[in-house]
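Q: I am new to reading structures. Could you take me through a model step by step?

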Amino acid sequence: MEAICIKLSFGLYLGAALVYVLYAASRWERVGQFATAVAWLGLGANTAALVARGIAAGRVPYVTMYEYLMAFAWAVAAVYLIFEWRFWGARADLRPAGSLALLLAVGLLGYGSSLSAELKQAQTLMPVLKSNWLIFHIFTAVVGYGAAGVATALAVLYLVRSRWPGPDSWLRQLPEPAELDQAAYRCIAFAFPFLALVNITGAIWAYDAWGRYWGWDPKETWSLITWLVYAFYLHARLRSGWRGPRVNWIAIIGFAAVMFTFIGVSQLATFSQSRHSYASGR
Amino acid sequence: MSDSKGNSDLLPGSHTGSGGGLNATPEEPSRGAEHNAESSQGLSAARDLRLWAWLYSPALTLWLLGLMIVAMALGTIVPQGASVEAYERAFGVPLGRLVAKSSLTHVFSAWWFSLLFVLLAVNLTACVVRRVRIVARAQDAAASPLTSAQVRGRRATAAWSIRLAPAAAHDQLARVLRTRGYRLIPAPAGAKDEMALRARRGAIRSWGPIIVHTGLVVVVLGAACGRLPSLAFHRTAVIASGDTYRVAMGEKSFGIRLLNAGIERTPGGGPSQYWARTQIVEHGKVIRNVTITPNHPLRYHGANVVLDSLFDAPGYAVEVKKGKSVGCVPVVMDSSGRVDLMSSVTLLKDPPWLVWVRGFRAAPGGEPGTEGGPAALVALDESGAVTANRREIGWVGAGGLDYEGVHFELVSAHASKGVRLGVHRDPGVPVVWSGFGLIVLGCLLALFVTRREIAATLSPKGGGGTAVVIGASAFGLGPGAESVLDSLGADLEAREQADRG
């Protein structure tokens, strides 16, 4: 059931992304509504897959690398769809950004499907992971990273659109750069507290598990670096008045830090001494 | 009634600039004030102002954040505390030696890294102090009459016509705002209040960023407390069953006696849980029994004791002889059945070798000298440290092995099982937890509360009506300024239709 749901969500996300592209080109409202509907169906399938995994494993379904990839994709799609429904709407139509956001979700699910069968198995929790803090720590990471992913999609679209701005541009069907810039800011403002909570819940858990709340472990350090990059973005924008391409490049660098924290850290030579090495997925 | 018009920035909820109040607040001292300060007292005051402005400047914040990001990244990429040879292997000989001499080998304990945190704390404190003054001032009664420019300077503006006299229109607008949860801000003394109106909702959100920054300062202070060597420590206790480890804490010293330790396994054979049954012993008396498991530490007198690992010493050691015995290397196994490399090591004096057991086989093997009994795989580093020159010299059994005039032999030793405990004390932890609490509170305010501000001017129109210009701003993730105006306009229109009806 879980495998079927994941394949279904992969296909629906991909389909929705393509329909969003079609909407961006045509601006036919029906096409946009259809894209949104398909995306919601994909989110439903993704949710069902996570629920099935949770029931099969008897715990929260976002512990192993494979499960986290499923949850990460779910969060990207969920944050995008909630923002589309709640904050955007008729005043600022940012649905073309859905194509990039959902392609990110597709990429995450695709990477998850490329893992070995052994890594896809629902493993029992190691003794050190048997803590209620696991639920909050990883959930805040899922939501924060998902929102960061949506912000990156908006930032990338901003950079493309601002390269050819104006109503006469060949990209005139895309939203205006100012709208994309503002939407990216709101996504990051939403993600920021969750990224702070990742570090806070992790520190409190580490105090119980390892005796100290901070040890400059590579995973801990890069999680803090990610939060600091987004702090840099917010301060540059709100206090120094930065706008335009450079602040959106910072948003993209922030997501690069997210991905490095998630996947890249395990490739560091120093990671072998990390207390997080059980989460490398290798 | 006319439709609302937004300005060029169409999306809701953004906040530009550093001020948040209805009145503009001065950011920097005026040029006039600086030119007039020609006396030495004036020059000193000007220098103090520049220093203060630098301390809370956004540029300093950005520089500090950027430097911290780079330093932390380097600290994870460059191996910390490794040998010179390890850096030479990683970076090549000239660069590796340069790196080995630099503080990049211990970034997180370097003085300049701590200085970045100190500067950040100072910067955050200066920002908090400044921001508190701005927010407190903005939440007081309006200091100056509202102008049209202030109304039009809002995120979104709209214009309506109301078929009422200005006073009645003012009252109607005030009623609508009150029913929507707005707090009306009193006009300054002497102002004609039927011509202007200010209202605010969710003002508490302004305190969100202040609380977050205060929390960060508190966390840095707590972390600083944890670096005080007189108060904080981080130790490893290796305790065999039946033994007691003394946690030295002056008058609050106590002992941890290990009764038993073990592993619960899953049906598949993997570890399900580790446990260690211990007793807290103080002044010769057992205070209480405590079972330590992962995520359930022992806490006593401010010490935090966690279970790091289990070990199993099967009762063998490698004795090193150079004519006479010069040392013994214990064979210690970890909970997964592999040799515990951190425990199975000894530094000899003569010869000055670091010797350790890298493997152990209880069953007989095929190497010479090991038939008929268990054997240990021995490695050594003749430099006396862990370097690339480490070499394995071979399996050592009861028959022994000779290497460069030194004899290695597997002998019987005391068999024991035990645990490795992490014993930590950090007096800054409650302070850090308080800081975390403030950060969470500030983030919740920023996430769930939207601060909205309305400023309106009313002017009489010909024919007995009133022209109303309303400016709105919204700060937060909730409905933006344009949405606020839309819903306000709908309310006003509904009331006007009701009045007509």
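**A long helix in chain A**

Q: What should the 33 residues of helix α7 (residues 177–209) of chain A span at 1.5 Å a residue?
A: Helices (H or I, at least four residues) and strands (E, at least two) are DSSP runs, numbered from the N terminus, and the expected span of a helix is 1.5 Å times one less than its number of residues. For α7 of chain A this gives 48 Å, which agrees with the 47 Å between its end C-alpha atoms. This is a predicted model, in which local features need pLDDT of at least 70, side-chain atom pairs count only at pLDDT 80 or more, and totals for chains, interfaces and linings use all residues. Residues are numbered from 1 along each chain as its sequence is written, while chains are lettered from A and ligands numbered from 1 in the order in which they are written.

Q: Where does a kink lie in α7(A)?
A: The bend at a residue is the angle between axes fitted to the seven residues ending there and the seven starting there. In α7(A) a kink of about 25 degrees lies at Ala191(A), shortly before the proline Pro193(A). Just after α7(A), Gly211(A) has a positive phi of about 90 degrees.

Q: How many residues of chain B and of chain A does the contact take?
A: Two residues are in contact if their C-beta atoms, placed from the backbone, lie within 7 Å. Here 46 residues come from chain B and 43 residues from chain A. On the side of chain B that touches chain A, the largest share, twelve residues, comes from α3(B).

Q: How does the model score on ipTM and pTM, and what is the mean pLDDT of chain B?
A: The model has ipTM 0.91 and pTM 0.83. pLDDT is the predictor's confidence in each residue, from 0 to 100; its mean for chain B is 81.
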